[in-house]
Amino acid sequence: MDTMRKNDLQSLILTVNKRNHNAIEACHQYGFEITGDSIVDIGDGFVMNDYWMVLTNLSRWNT
């Protein structure tokens, strides 16, 4: 969060695997919202099937 503030960044975007329910819940608790999804073939039969999770409200992180 300090890096975001120092560089005047307004959002933080994470990709989180759709099956990783613990990570999704943790991100929600920290203020992230699901804004989209991404399905990417990374080769050899593997596919990244993720949500885009965005944090835009930094006010909860005021220290």
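Here are three short exercises on this predicted model, each with a worked solution.

Before you start, note that residues are numbered from 1 along each chain as its sequence is written, and that side-chain values use heavy atoms, with hydrogens and water left out. Because the model is predicted, local features need pLDDT of at least 70 and side-chain atom pairs count only at pLDDT 80 or more, while totals for chains, interfaces and linings use all residues.

**Exercise 1. Work out in which order the three strands form the sheet, and which strands are at the edges.**

Step 1: Get the terms straight. Helices (H or I, at least four residues) and strands (E, at least two) are DSSP runs, numbered from the N terminus. Two strands pair if DSSP finds at least two bridges between them.

Step 2: Read off the order. The sheet is open and runs E1-E3-E2, with antiparallel pairing.

Step 3: Find the edges. Strand E1 (12–17) and strand E2 (33–43) each pair on one side only, so they are the edge strands.

Step 4: Zoom in on one pair. E1 and strand E3 (residues 46–55) are joined by six bridges, and Asn17 has Asp50 in E3 as its bridge partner.

**Exercise 2. Find the salt bridges and say how buried or exposed their residues are.**

Step 1: Set the cut-offs. A salt bridge is a side-chain nitrogen of Lys or Arg within 4 Å of a carboxyl oxygen of Asp or Glu. Buried means under 20% relative accessible area, exposed over 50%, and partly exposed in between (1.4 Å probe, protein chains only).

Step 2: Count. The whole structure has two salt bridges.

Step 3: Take Asp2 and Arg5, whose closest N and O atoms are 4.0 Å apart. Both sit in helix H1 (residues 2–6), three residues apart, about one turn of the helix. Asp2 is partly exposed at 49%, and Arg5 is partly exposed at 33%.

Step 4: Now Lys18 and Asp37, with closest N and O atoms 2.8 Å apart. This pair links distant parts of the chain: Lys18 is in the loop between E1 and H2, and Asp37 is in strand E2, 19 residues apart. Lys18 counts as buried because its relative accessible area is 18%, whereas Asp37 is partly exposed at 38%.

**Exercise 3. List the residues of the largest nonpolar core.**

Step 1: Define it. A nonpolar core is a set of buried Ala, Val, Leu, Ile, Met, Phe, Trp, Tyr and Cys residues joined through side-chain atoms within 4.5 Å.

Step 2: List it. The eight residues are Met4, Val16, Ile24, Cys27, Phe32, Met53, Leu55 and Leu58. H2 and E3 are the elements that give two or more residues to this core.
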